[in-house]
Amino acid sequence: MMYFSRWKTFSILSVCLAALLLSLPNLFPRASAPEWFPMRQVNLGLDLRGGSYLLLEVDTSVLLRERLEAVVEGTRRGLGQATPRISYTGLTAQPEQRRVQLRITDPAQRDTALRIIRELANPVTVSAGNQQPDMEVAAGPDGTITATITEAGLRAKATNAVEQSIEIVRRRIDETGVAEALIARQGANRILVQLPGVEDPQRIKDLLGRTARMTFHLLDETANLQAVTAPPGVMFLTGEQTGERFAVRRRVEVDGANLNDARAAQDSRTGEWVVNFSFDSIGTRRFADITRANVGRPFAIVLDDRVITAPVIREPITGGRGQISGSFTVRTANDLAVLLRAGALPAPLTVVEERTVGPELGEDAIRAGLISLAAGFLFVFLYMGFAYGLFGWIANIALGINILLLIAAMSLLEATLTLPGIAGIVLTLGTALDANILINERIREEVKNGRSPLSALETGYTKASGTILDANLTNLIAMGFLYGFGSGPVRGFAVTVAIGTIAQMWTATVLVRLFTVWWYRWRRPKELPVIEKPGAGLVERLRRPLFRIVPDVTRIPFMKGAVAGLIVSGMLSTASVIGAFYPGLERGIDFQGGIIMEVRTPEPANLPAMRAAVAGLETGDVGLQRFGDENTVLARVPAPPDEAQTQAIVNRVRAALEGAQEGLRVLRVEAVGNRISAELFQGGLIALGLSLLAMMVYIWVRFEWEFGFAALITLILDTTKAVGFMVLFQIEFNLTTIAAILTIIGFSVNDKVVVYDRMRENLRRYKVMPLRDVVDLSINETLNRTIGTSMTLALAVLPLALFGGATLAGFAWVMLFGVLLCTSSSIFIAAPIVLYTGAKRLRPGLAAEGVAEKKEVATS
């Protein structure tokens, strides 16, 4: 165990060197490297570098409506052109039932009508080499015919629409010149768009929010424009500019999909901005045929169900070129040209979630994160060195390499570092030394039991290894569920903590052991510097621990307070559960939905003027409050019932605030729709529930069922009390605090695994010792490790609470409370439950009450 071959030593040092080399590119700009060099770096998230996060949803209901309208129009045309003409009544589209229905008046024509309608079906692929029609056509006994769109047909159309929308969104954003945009599918019908460096994404949202489907139609000059409903085959549309009403035939004569190019230009005669377009060969031929056959008739250009213009055809247009005019500015003309070049979306896109961070706020976040990281590192570094002497300083060296490994792994994965990700790195500082504390405490015990230096080192590492693995696997389970059910930056937190956990297990059990072996071979000490030595010189004292949090040998009868601990814990958890419902948790925007805008003014904010400006906007109750300092204001707006109105409300509130105080800057905008917030809330609760269950199963498998049961009950009590803490201090319940609670769960199980592992060891070692004494002895023996790990975690997280900024303050305070909570629950909740549930099975034949045999304790 304490022997390292040359190849093993070389491999370990190679890993450290590779980590250094992989981390170095983060110190240089990406553009400074030659093209052939694989420049892999950690990407800064939008909350650090500034930019916009948009979650778009494809409105698949429009696809069904359009398909049904196409079937209605095709049926009308097909039955009307049949020889003889097929008479029918009641031709209607019924979107609720996904069908088109009509009644054939002559039963003898039913079969012909069925054939014509079935020809309107489109084939869809349901499996490899297997196709079927996208609609089922059936006839009733009374001559009724129904054409129903199948589930497979609708699903295939929706899938194709999302894939096509992603490509069109990519082309539209590329046309605007935004660099490094991320466009990816999320779920069944959503598209994730990240726009780094885009402080105001309004133009992008305008471009993405328009379907931009351009079609060319003939007008029905015989229709009564004053009628309430349009005649069959006709639709009433309004003009884009004038608001004039047009009777437009539903039949599409030329589709905008046949456009070849579109460019903004100025008309040489009038000087106004226009959009010149050209067709491909199919569109050119079709356009020429239509204009040749309809000279003297009005021809409407329709964009997204609005008539842009409806000029009269003066002569056949055979060149495949045309012009769109209509009071354009240079920007609107260019935007329309971009839309037409990129192509029409198959269905409208709605922004269901938006998070925009200005670069100023991103710089503040980076500064706060670095201060927290540096302060946490310093606190933990000094604590470990002074508490564990030489082996503590060696652990500190490994801690630096641990951070290096974390950065290297994130660089290799080109992971995105977010503000919660920085919190994850800070958290890694606190948990990374847990394994070293376990090992050092074990080595100290073996030295005090009289083992030789080499034997103490060997035994310490051997006995601690299993506990380290168990304790850290539980943390990985929690992060796995957080990643699986989390969203956005919180996933970055999960990735960071998971990588840091794996790295710290390796550094503690392999790298630190290598450094220790080197030191041992160099010095060949007669005793290990793990015991305090008062009166020694400064150098010798620094090599040894300077203090102990608690004495090495304590005989605190913790189980005397078992009943009181369980009663108090139960009462606090009950009060917390009641508080979660009344007055209730303060849900953040992630779980409640709504709009948050953080603004900053050059002078102290004029709240009365701002409140007056937003009072008459009809957007619901707009809450304004100071946020951090007197120049920063946070505006909260409830989520509208219709998510499509969210962006319009954001624009109105923003304009009102900017008009209320000159020089106002919008630092951050977050808009989350009701459906998204409900999904995030459900995902967060599922992550919590599954984490509790998975950890219980893990402990159940690794230990006896009593331990698994005790862990589950304790975790539930710990979680409820954490919720109660949030209710008491009105800390927002959001994805970040969910991450804190999951981390608390992982840490809680980590601590309990250490105590349980010692209990199991003592149960085997002391065959006749009563269970109550075994529990007390195990807690006392692991007390220094429990408090030491809690201390390092608290020292790492405290700077985050003090300097991390408002975004992470809730996370940090919940974590600090959780550290205190988990430390006490291991002693006063988990241990008593094991005592009372395992009295008969863990110690058959012995009473739970009793005193250990003095002889057996003395020999220990």
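## Strand β4 and its neighbours

Gln94 stands opposite Arg99 of β4. This pair belongs to a predicted model. Strand β3 covers residues 88-94 and pairs with β4 in the antiparallel sense, over five bridges. The two strands form a hairpin with four residues between them. In that hairpin, Arg98 takes a positive phi near 60 degrees.

β4 (residues 99-104) also pairs with strand β8 (residues 144-149). That pairing is antiparallel too, again over five bridges. Here Val100 has Ala147 of β8 as its bridge partner. Side chains alternate along β4. Val100, Leu102 and Ile104 point to one face and are buried. Arg99, Gln101 and Arg103 point to the other face and are not buried.

## The β15-β16-β19 sheet

Strands pair in a sheet through backbone hydrogen bonds, in a parallel or an antiparallel way. An open sheet of three strands runs in the order β15-β16-β19, with antiparallel pairing. Its edges are β15 (259-266) and β19 (321-328), each paired on one side only. From one strand to the next, the twist averages 20 degrees.

Seven bridges link β15 to β16, which spans residues 273-279. Ala262 stands opposite Phe277 of β16. Helix α8 (residues 330-342) packs on this sheet and touches β15, β16 and β19. The direction of α8 makes about 175 degrees with that of β15.

## Helices α15 and α20

Helix α15 (residues 562-584) packs with helix α20 (residues 705-728) at an angle of about 50 degrees. Their axes are 8 Å apart. The two helices are therefore oblique to each other. α15 passes α20 in a left-handed crossing.

On the α15 side, the contact is made by Ser569, Leu572, Ser573, Ser576, Val577, Gly579, Ala580, Pro583 and Gly584. On the α20 side, Leu717, Thr720, Lys721, Val723, Gly724 and Val727 take part. The contact residues divide into seven nonpolar, seven polar and one charged. Pro583 has a further feature: a cis peptide bond joins Tyr582 to Pro583, with omega about 5 degrees.

## Helix α22

Helix α22 (residues 771-781) is mostly covered, with nine of its 11 residues buried. Among the buried residues are Leu771, Val774, Val775 and Ile779. Arg772, Asp773 and Asp776 are buried as well. So are Ser778 and Asn780.

The buried residues of α22 pack against three helices: α21 (735-765), α23 (783-803) and α24 (806-837).

## Backbone features in loops

A cis peptide bond runs from Thr83 to Pro84, with omega near -5 degrees. Pro84 lies in the loop between α3 (60-81) and β3.

Asp304 is not a glycine, yet its phi is positive, near 50 degrees. Asp304 is in the loop between β17 (299-303) and β18 (306-309). Because its relative accessibility is 22%, Asp304 counts as partly exposed. Glu414 also has a positive phi without being a glycine, at about 50 degrees. The loop that holds Glu414 lies between α9 (359-413) and β21 (416-417). With a relative accessible area of 31%, Glu414 is partly exposed.

Technical notes:
Residues numbered from 1 in each chain as written. Predicted model: local features only at pLDDT ≥ 70, side-chain atom pairs only at ≥ 80, totals over all residues. Heavy atoms only, no water. Pairing = 2+ DSSP bridges. Axes fitted to C-alpha atoms, helices over the stretch in contact; angles between N-to-C directions. Contact = heavy atoms within 4.5 Å. Buried < 20%, exposed > 50% of the residue type's maximum accessible area, 1.4 Å probe, protein only. Parallel < 35°, antiparallel > 145°, perpendicular 65-115°, else oblique. Left-handed = near helix turned anticlockwise from the far one by under 90°. Nonpolar A, V, L, I, M, F, W, Y, C, P; charged D, E, K, R; others polar.
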